[in-house]
Amino acid sequence: PLGDAAAARGEKSVPVENADIGLDFIRELRDYNLLPLLQRLDMPVQIHHGTADTMASLDSVRTLLNTTKPKGPVEIIGYE
């Protein structure tokens, strides 16, 4: 939403903390599809997850792993 609002104002970046993040980079992150890459993982994967994370719940992480089915072992580490 910040990127869309900045684009509507004709800006080319969004200030975040001490950096300006370019709208092209924000769009690339938004539109990139990681699923094909995740499906090719054949090495151990370690996922660190904050229990207070409101953007990506642990159920979302599990759904992603069930969808992609990495070939290597997966360890999920939770933090308060």
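**Figure 1. Arg9 in the loop between helix H1 and strand E1 of the predicted model.** Arg9 is exposed, with a relative accessible area of 55%. The loop that holds Arg9 connects H1 (2-8) to E1. The side chain of Arg9 forms a salt bridge with Glu11, and the closest N and O atoms are 3.0 Å apart. Glu11 is partly exposed, at a relative accessible area of 33%. Arg9 and Met43 are 34 residues apart along the chain, and their C-alpha atoms are separated by 44 Å.

**Figure 2. The hairpin of strands E1 and E2.** E1 (13-16) and E2 (19-22) run antiparallel and are joined by four bridges. Two of the pairings can be named: Pro15 stands opposite Asp20 in E2, and Val16 has Ala19 as its bridge partner in E2. Two residues lie between the strands of the hairpin. One residue of the turn, Glu17, has a positive phi of about 55°, although Glu17 is not a glycine. Glu17 counts as exposed, at 81% relative accessibility.

**Figure 3. Salt bridge between Asp31 and Arg30.** The closest N and O atoms of Asp31 and Arg30 are 2.8 Å apart. Both Asp31 and Arg30 are exposed. This pair is one of four salt bridges counted in the model. Side chains of opposite charge can pair when their charged atoms come close.

**Figure 4. The largest nonpolar core.** Five residues make up this core: Leu41, Val45, Ile47, Val61 and Leu65. Strand E3 (45-50) and helix H4 (58-68) are the elements that give two or more residues to the core. In soluble globular proteins, nonpolar side chains tend to be buried together. The contacts of Val61, leaving aside its neighbours within four places in sequence, are with Ile47, His49 and Ile76. Of these contact partners, Ile47 is also a member of the core.

**Figure 5. The buried side of helix H4.** Val61, Leu65 and Thr68 are the buried residues of H4. They lie on the same side of H4 because they cover an arc of only 75° around the axis. The buried residues of H4 pack against helix H3 (35-39), strand E3 and strand E4 (74-79). Val61 and Leu65 also belong to the largest nonpolar core. Just after H4, Lys69 takes a positive phi of about 50°.

**Figure 6. The face of H4 turned away from its buried side.** This face carries the exposed residues Asp59 and Asn66. Asp59 counts as exposed at 53% relative accessibility. The side chain of Asp59 meets that of Arg62 in a salt bridge, with an N to O distance of 3.8 Å. Arg62 and Asp59 are separated by about one helical turn because they are three residues apart in H4. Arg62 is partly exposed, with a relative accessible area of 42%.

**Figure 7. The surroundings of His49 in strand E3.** His49 counts as buried because its relative accessibility of 8% falls under the 20% cut-off. A polar atom of the His49 side chain lies 2.6 Å from the backbone oxygen of Ala56. Ala56 is also among the residues in contact with His49 when neighbours within four places in sequence are left aside. The other contacts on that basis are Ser57, Leu58, Val61, Ile77, Gly78 and Tyr79. The contact between His49 and Val61 links this view to H4, where Val61 is one of the buried residues.

Key. Residues numbered from 1 in each chain as written. Predicted model: local features only at pLDDT ≥ 70, side-chain atom pairs only at ≥ 80, totals over all residues. Heavy atoms only, no water. Core = buried A, V, L, I, M, F, W, Y, C linked by side-chain atoms within 4.5 Å. Buried < 20%, exposed > 50% of the residue type's maximum accessible area, 1.4 Å probe, protein only. Contact = heavy atoms within 4.5 Å. Arc of directions from axis to C-beta. Pairing = 2+ DSSP bridges. Polar contact = N/O pair within 3.5 Å; in protein donor to acceptor, adjacent residues only side chain to side chain.
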